[in-house]
Amino acid sequence: MVQPLSGQAIYVVLLRELKRYWRAKSRIVASVAQSFFFLAVFGLGLGGFLGGVRGSTYLSYIAPGIIGMGLLFGSVFSGVSVIFDRQFGFMKEMLVAPVSRTSIIFGKILGGAATASIQGVLLMAVAGVMGAFQPTVRLMFGALAAIGLMLLITAGFVGLGVAIGSTITDFHAFQLISTFVMWPLFMLSGVFFPIDAVPVPLQVAMLLDPMFYGVELLRWCLSGSITLVLGPFGWLIGLGVLIGFNALMVGLGTYLFSRAEV
Amino acid sequence: MDGISFALEKGEILGFLGPNGAGKTTTLNMLSTLLRPTSGTATVNGHDIIEEPDAVRRSIGFVFQDPTLDIELTGNENMDFHGRLYGIKKDLRQQRIKEMLEVVQLSDRADDLVKTYSGGMKRRLEIARGLLHYPKILFLDEPTLGLDPQTRRSIWEHIQRLNRDEDITIILTTHYTEEADYLCDRALIIDFGKIVALDTPDRLKARLEGDVVSLTFKEPKEIANIRAMLEKKDWIRSINTTISSNAHNTMSRMMHTMRGMPTGEAGMSGMMSGLGGGDVRQVGGMLKRPRQTPTHDKAGENDRGGSEGGPRCLNLLVDDGGRRIPEIVKLVDEAGVVLESVELHKPTLDDVFLTTTGRNIRDERGSFMEMIRRHRIVRQARGRR
């Protein structure tokens with residue numbers, strides 16, 4: 001099953017993802033605007049009604065979650081785009097070349113992680129301008145750490161997207177993926193409410209959502225607060241879960257992709 | 001595919017000719033390592049398709065039937081992607097891209113997004129891309145499907161130039177007989193996964209001595225009687241029933257007759273000159289897939305026909321056809337049947353196909369989904385400007 005990797009092939013597939021992302025300006029604008037609406041309506045609107053969470057404003061509580069939303073949707077869709085590559089024939093061009101499928105999928109995953117993370121950085125800037133973060137020295141390092149974290153979070157979800165895209169062959173399944181995969185992952189990630197404030201069954205569901213750890217870690221980087229549910233070394237647990245999820249999803253995506261029919 | 005075997009010479013243009021679903025694309029997919037044969041193997045440029053898939057992939061360029069360009073990238077970027085994927089070093093890559101884009105006359109559009117290209121330009125770009133990595137053999141799967149006659153001609157000329165100037169061996173599939181006739185040194189007629197004939201177009205046509213007289217009737221139901229009557233005449237070599245006249249591409253045939261039939265003689269160089277012998281590049285070997293059960297019998301299809309009213313045409317192979325026409329018309333007239341038209345032509349590959357398989361190559365078959373898919377390709381190829 002182990003196939004030789006070609007650096008050049010990985011790089012060129014990655015490059016293609018970046019170029020395509022950069023050319024689809026309307027998609028970038030739409031995604032940034034959507035996050036802006038979420039931040040404005042929920043952060044400012046609902047925040048004014050609810051007050052703060054964990055000693056900070058509601059806006060600064062949900063901002064990392066909204067960034068997480070951009071990462072999640074961007075990365076899963078970027079993985080699922082293998083369906084489009086197949087539909088529009090470009091997949092054949094890649095598969096008939098003398099490079100392994102593993103190289104192609106690694107390029108795809110790196111490319112998807114890079115584009116989704118660029119998206120995340122844009123959203124982080126928007127949230128910053130809206131005053132979601134305290135401008136401190138800690139934030140400077142936190143923001144840098146957040147960028148690394150974004151790459152870690154997204155790689156796993158691109159892998160998930162590739163796994164889904166290699167299994168289903170139908171455009172119409174998109175709606176199902178969105179409803180049954182993306183939204184639950186997003187809603188349970190603790191964007192809008194802290195895990196300590198909800199009933200136990202919901203807490204369990206949230207703990208099963210890998211995105212929850214991603215959002216908690218982003219929040220820790222950007223506003224310094226983290227849930228106490230995970231204990232004093234919560235950040236370490238979160239990191240461990242994300243790395244494990246990554247390995248699992250990249251492996252699964254690669255496996256399913258290399259078995260898929262052209 | 002059902003146990004096919006053939007060898008190809010270096011520098012040759014070989015055409016796979018057959019109706020939709022005959023197994024042309026399947027064969028190419030196996031030779032290009034995209035599909036694993038269930039049994040048997042083949043050697044491409046001296047490399048085994050099962051043992052050395054990467055070496056095979058390096059030796060071939062593949063222009064697929066469906067478009068495989070990234071339309072969100074420019075022509076140049078599509079080429080660059082390909083060059084990097086095949087590990088061509090930067091300087092050589094850039095020079096080669098420039099060169100190939102010139103060959104297909106796309107240099108001035110190289111930096112435009114492919115989605116702004118016309119169908120013919122996309123096809124040319126795909127051919128240029130398929131040649132970027134100096135393949136020894138180029139596979140062209142229905143290279144002109146859905147293109148207008150003018151673009152088709154220009155693609156043909158590009159293919160011939162590549163074959164001549166770059167010394168590239170070419171295998172192409174087509175269901176246009178005039179394409180095989182114009183381009184190919186040898187044509188391989190394939191039907192139901194089997195090879196039914198393999199020879200130069202000229203020799204294939206020469207097998208049918210005499211002329212083809214096509215009779216089209218107003219009333220389809222009379223056709224069986226007339227056929228029975230004509231079958232008794234010993235000067236008629238063979239009779240085939242088709243839905244429409246087998247002579248409806250007379251125009252394009254005239255065009256390349258005037259241009260002097262450039263293919264013919266080149267194919268005289270030894271056919272099937274021994275597997276693996278001397279400097280013969282070997283492509284082919286035994287390829288086997290489970291045979292699909294034919295879903296119809298030949299006579300049945302012809303009698304029932306596919307369009308409303310059933311077949312309306314009889315194709316007769318006769319000696320000295322021009323002199324026989326009055327006699328044929330008289331016979332039909334005496335039987336009290338109304339003729340719509342009579343056509344006379346020299347045997348073409350269409351007729352060869354008809355006599356070897358009993359069917360007209362243009363009589364569509366294949367699944368409904370396949371039809372829709374092809375319809376889509378044709379539409380895409382005509383493309384937005």
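Me: A residue is buried if 20 or more other C-beta atoms, placed from the backbone, lie within 10 Å of its own, exposed if 12 or fewer, and partly exposed in between. How many residues of strand β14(B) are buried?

Reply: This is a predicted model, in which local features need pLDDT of at least 70 and side-chain atom pairs count only at pLDDT 80 or more, whereas totals for chains, interfaces and linings use all residues. Residues are numbered from 1 along each chain as its sequence is written, with chains lettered from A and ligands numbered from 1 in the order in which they are written. β14(B) is mostly covered, and its buried residues number six of six.

Me: Which residues of β14(B) point the opposite way from C313(B), N315(B) and L317(B)?

Reply: In a regular strand the side chains alternate between the two faces of the sheet. In β14(B), C313(B), N315(B) and L317(B) share one direction, and the residues on both sides are all buried. Those pointing the other way are L314(B), L316(B) and V318(B).

Me: In what order do the strands of the sheet that holds β14(B) lie?

Reply: Strands are DSSP runs of E of at least two residues, and helices runs of H or I of at least four, numbered from the N terminus; two strands pair if DSSP finds at least two bridges between them. Six bridges join β14(B) to β12(B) in the antiparallel sense, and β14(B) also pairs antiparallel with β11(B), residues 211-217, over six bridges. The sheet is open, has four strands and shows antiparallel pairing, in the order β12-β14-β11-β15 of chain B.

Me: Why does one side of β12(B) and of β15(B) have no neighbour in the sheet?

Reply: The twist of this sheet averages 20 degrees from one strand to the next. β12 (236-242) and β15 (339-345) of chain B stand at the edges, so one side of each is left without a neighbour, each having a single partner strand.

Me: Which residue of β14(B) is the bridge partner of V213(B)?

Reply: On the β12(B) side, T242(B) stands opposite C313(B) of β14(B). On the β11(B) side, S214(B) faces N315(B). The partner of V213(B) in β14(B) is L316(B).

Me: At what angle does helix α9(B) run to β12(B)?

Reply: Angles run from 0 to 180 degrees between N-to-C directions, and axes are lines fitted to C-alpha atoms, for helices over the stretch in contact. Helix α9 of chain B, residues 223-231, lies across β11, β12 and β14 of that chain. Its angle to β12(B) is about 170 degrees.

Me: How far apart are the axes of α3(A) and α10(A)?

Reply: Helix α3 (residues 58-80) and helix α10 (residues 210-223) of chain A pack at about 130 degrees. That makes the pair oblique, because angles under 35 degrees count as roughly parallel, over 145 as roughly antiparallel, 65 to 115 as roughly perpendicular and the rest as oblique. Residues of α3(A) that meet α10(A) include A63(A), I67(A) and L72(A), and those of α10(A) include M211(A), V215(A) and L222(A). The axes of α3(A) and α10(A) lie 9 Å apart.

Me: How many charged residues are in the contact of α6(A) with α11(A)?

Reply: Helix α6 (101-129) and helix α11 (234-259) of chain A pack at about 135 degrees with axes 10 Å apart, which makes them oblique. R101(A), T102(A), I105(A) and I109(A) meet V250(A), G253(A), T254(A), F257(A) and S258(A). Ala, Val, Leu, Ile, Met, Phe, Trp, Tyr, Cys and Pro count as nonpolar, Asp, Glu, Lys and Arg as charged, and the others, Gly among them, as polar. The contact has four nonpolar and four polar residues, and the charged number one.

Me: Is G52(A) buried or exposed?

Reply: G52(A) sits in the loop between α2 (25-50) and α3 of chain A. Neighbours within four places in sequence aside, G52(A) is in contact (C-beta atoms within 7 Å) with T57(A) and Y58(A). With 12 other C-beta atoms within 10 Å, G52(A) is exposed.

Me: Which element gives the most residues to the side of chain B that touches chain A?

Reply: The contact takes 19 residues from chain B and 18 from chain A. The residues on the side of chain B are eight nonpolar, three polar and eight charged. The elements giving two or more residues are α2 (53-59) and α3 (75-85) of chain B. The element that gives the most, with four residues, is α3(B).

Conventions
Two residues are in contact if their C-beta atoms, placed from the backbone, lie within 7 Å.
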